[in-house]
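Morning, everyone, and thanks for coming. I'd like to walk you through one model today, so let's put it up on the screen.

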Amino acid sequence: MTITSAGTRRPTTRSDGEAPVLFTARRRWSESVIKLVLRLAAILTIATTVGILIALVIPSISFFSEVSIIEFLFGTRWAPRFAQASFGVVPLITATLWTTMIALIVAVPLGLGAAILLSEYAHPRLRKILKPMLEILAGVPTVVYGFFALQFVQTTVLREWLGLPTQAFSVLSAGLVMGVMIVPTIASLAEDAMSSVPSALRQGSAALGANRMQTSLRVVFPAALSGIVAAVVLGISRAVGETMIVAIAAGNQAQIVASPLDQGQTMTGFIANAALGDSRVGSLEYNTLFAVGLLLFLLTMLINAISIGFVRRYREVY
Amino acid sequence: MKADNRTSESDIRPLKLGGNAERAPRPLIFLGLLWLSLLVAFSVLVTLLVTILVEGLPVLSSDLVTEYPSSRPEEAGARPAILGSVWVIITTAVLTLPLGIAAAVHLEEFADKHNWLNRLIELNVQNLAAVPSIIYGLLALGFLAMLQVDNKNIVIGGALALSLLILPVVIMATREGLRAVPREIRDASLALGATPWQTVWRQVLPASVPSIATGSILALSRALGEAAPLLVLGALVYITFDPNGLLSGYTTLPIQIFNWTGRPQEGFHQLAAATSVLLLIVLLLMNALAIYIRNAYQKRW
């Protein structure tokens, strides 16, 4: 911002010859080269998005020339590797929905509870200790969460301790652990939103005789609603795109998941698993990966757009 | 809030305020629930750590670091995976840091904020941060196929996917660092006759090195723990040699953990837990370093 003011000065010095000569002409030439390089680096981020789209769309076009879009979106049997191949993506979507729903049931109350505590109750010194501790949860690699989901939650808790009728894998264990993983995401964004509510609102509420619980729930929470919704939506998109936990703990049998104790293969789980096999570039198997990837990409972009739109429309400006 | 207590304790109570007091049952239960939510999250973290420590500690020895993978758990180690992780992360850093910092400098220092292209870039960086990591694996896979590279399991391929994955994180961290440098520093530099680029290169960037370093280390630690894109790029292979170049085959620590977790034998699960301990220690050290740099070197203006 500041430097643009200097930038606007340059043309005037250049155009009127009376300006003091500062031997800057040569530097200016190299300067514009540097600026061009910087600009190219920034433009490269757009090239990444375009690259993602091209990389996903081109194999998907070949895929959809062999499989109809209707069969793909609404077919209920996913068996791309069988002799009687079938490409209905509904089983993958049901598994993704289950794991995401279970994760949200865990993460939304825990994340929002933590956010209210940190923003409305905790002393700044306490917050300085609790927040980094919470962020450790976000720093644990997802593959370690996957190990934990399979070896501890599924095997020990669900089967041994609770004696639930579940096999080696379940969408429940994957979803529960995924929920804990996204707690810090939701907590940190929701806390930011609530902290930015001006304290005049809290004081006004207290002056009217409300206690902290009433102030938090009826004044701060509604005022920060757009940011809180954005936090939850980002949590959803993390859950939909999460791969390693579901690849390890949810199982890899593509079936319509009817109960949380069933195993199931999510969209990401399919991509991870199918990529393990060595499929020839351009084969239908190879293209299937990208068709599912495209669906996943569009889905997360849609979720993200909803989040951005929600923030724009409902944000309270103070 | 102190006002509540006083009114509720006083004798004159024309208004019904009892339910509003800070220490009435409902607010106390509410506060208890808030603490419970943090407690649940932390206890899961503790349980996770205890689980991998209990499983992993018995086999956490120097063999894990020096031995090659094997079909027998008692002989297997993660040496190639450790070296593979080092190769991939260093390559990722070399690819992504100059690019991310350059893009951030452009957006923060030179870009006209009202130009449609710059606004598009900004929105796009936000969007890229929300793209699932596995999609970056597909991007790199498609790119390698386009270049007609037959063997997709090469260090540079994995590093490419991870670089693009953490690029938005590096850009956002760098921009925040640049933004924290006060305007007066730039004005003074320009007033002394420095060009805009000299101002950035000699004043603004050096002043924001600590926060850029902190953000970059955190971004790289994310790349170090990431497995999904590399899985797509065929990093799940049996490697019994040390990776030795950008075109070398490789596997990484998270992939090795994934591999061992999926085996039926209990011995491999122990190895997976031990490797997880190792990975967590490295990540913890990286985070500690990042926090140390931030606290020790960050300038307060």
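I'll take the two chains in turn, then the contact between them, and finish with the nonpolar core.

Please keep in mind throughout that this is a predicted model.

Let's start with chain A. Its secondary structure comes to 13 helices and 2 strands. If you turn the C-alpha trace along its principal axes, chain A spans about 85 × 65 × 35 Å. The radius of gyration is 26 Å, whereas a compact globule of 318 residues would have one near 20 Å. As for burial, 47% of the 318 residues of chain A count as buried. And if you look at contacts with a separation of 6 or more in chain A, 74% of them join residues 24 or more positions apart.

What does the UniProt record say about chain A? The entry, which is unreviewed, places "transmembrane region" at residues 36–58, 95–117, 129–148, 168–190, 219–237 and 289–311. Let me pick out two of those spans in the model. Residues 129–148 of chain A are 90% helix and 0% strand, with 25 Å between the end C-alpha atoms. For residues 168–190 of chain A, the figures are 87% helix and 0% strand, and the end C-alpha atoms lie 36 Å apart.

Now the domains. The domain assignment splits chain A into domain 1, residues 24–66, and domain 2, residues 86–314. Their C-alpha centres are 31 Å apart. How many residues does each domain bring to the contact between them? Domain 1 of chain A brings 8 and domain 2 of chain A brings 9. On the domain 1 side, that breaks down into 5 nonpolar, 2 polar and 1 charged residues.

Over to chain B. Here we have 12 helices and 0 strands, so to speak an α-only run from the N terminus on. Chain B has a radius of gyration of 26 Å, well over the 19 Å that the globule rule gives for 301 residues, so chain B is more spread out than a compact globule. The C-alpha trace of chain B spans about 80 × 65 × 35 Å along its principal axes. Buried residues are 49% of the 301 in chain B. Of the contacts in chain B with a separation of 6 or more, 74% come from residues 24 or more positions apart.

There is a UniProt listing here as well: an unreviewed entry gives "domain: ABC transmembrane type-1" for residues 82–290 of chain B. In the model, that span is 77% helix and 0% strand, and its end C-alpha atoms lie 21 Å apart.

So how do the chains meet? The contact takes 81 residues from chain B and 80 residues from chain A. Which element gives the most on the chain B side? Helix α2 of chain B, residues 25–56, with 17 residues. By class, the chain B side has 56 nonpolar, 17 polar and 8 charged residues.

Last stop, the core. The largest nonpolar core has 183 residues, and A:Val177 and A:Ile186 touch the most other members. Both domain 1 and domain 2 of chain A give residues to this core, so the core lies between them. To see A:Val177 in place, set aside its neighbours within four places in sequence: A:Val177 is then in contact with A:Tyr145, A:Phe148, A:Ala149, A:Val153, A:Ile245 and A:Ala249.

That's my tour, and I'm happy to take questions.

How values were computed. Residues are numbered from 1 along each chain as its sequence is written. Chains are lettered from A and ligands numbered from 1 in the order in which they are written. This is a predicted model: local features need pLDDT of at least 70, side-chain atom pairs count only at pLDDT 80 or more; totals for chains, interfaces and linings use all residues. UniProt positions are given in the numbering used here, feature names are shortened, and annotations may be inferred rather than shown by experiment. Helices (H or I, at least four residues) and strands (E, at least two) are DSSP runs, numbered from the N terminus. Two residues are in contact if their C-beta atoms, placed from the backbone, lie within 7 Å. Ala, Val, Leu, Ile, Met, Phe, Trp, Tyr, Cys and Pro count as nonpolar, Asp, Glu, Lys and Arg as charged, and the others, Gly among them, as polar. Domain bounds come from an automatic or database domain assignment. The radius of gyration is taken over C-alpha atoms; the globule rule is 2.2 Å times the number of residues to the power 0.38. A residue is buried if 20 or more other C-beta atoms lie within 10 Å of its own, exposed if 12 or fewer, and partly exposed in between; C-beta atoms are placed from the backbone. A nonpolar core is a set of buried Ala, Val, Leu, Ile, Met, Phe, Trp, Tyr and Cys residues joined through C-beta atoms within 7 Å.
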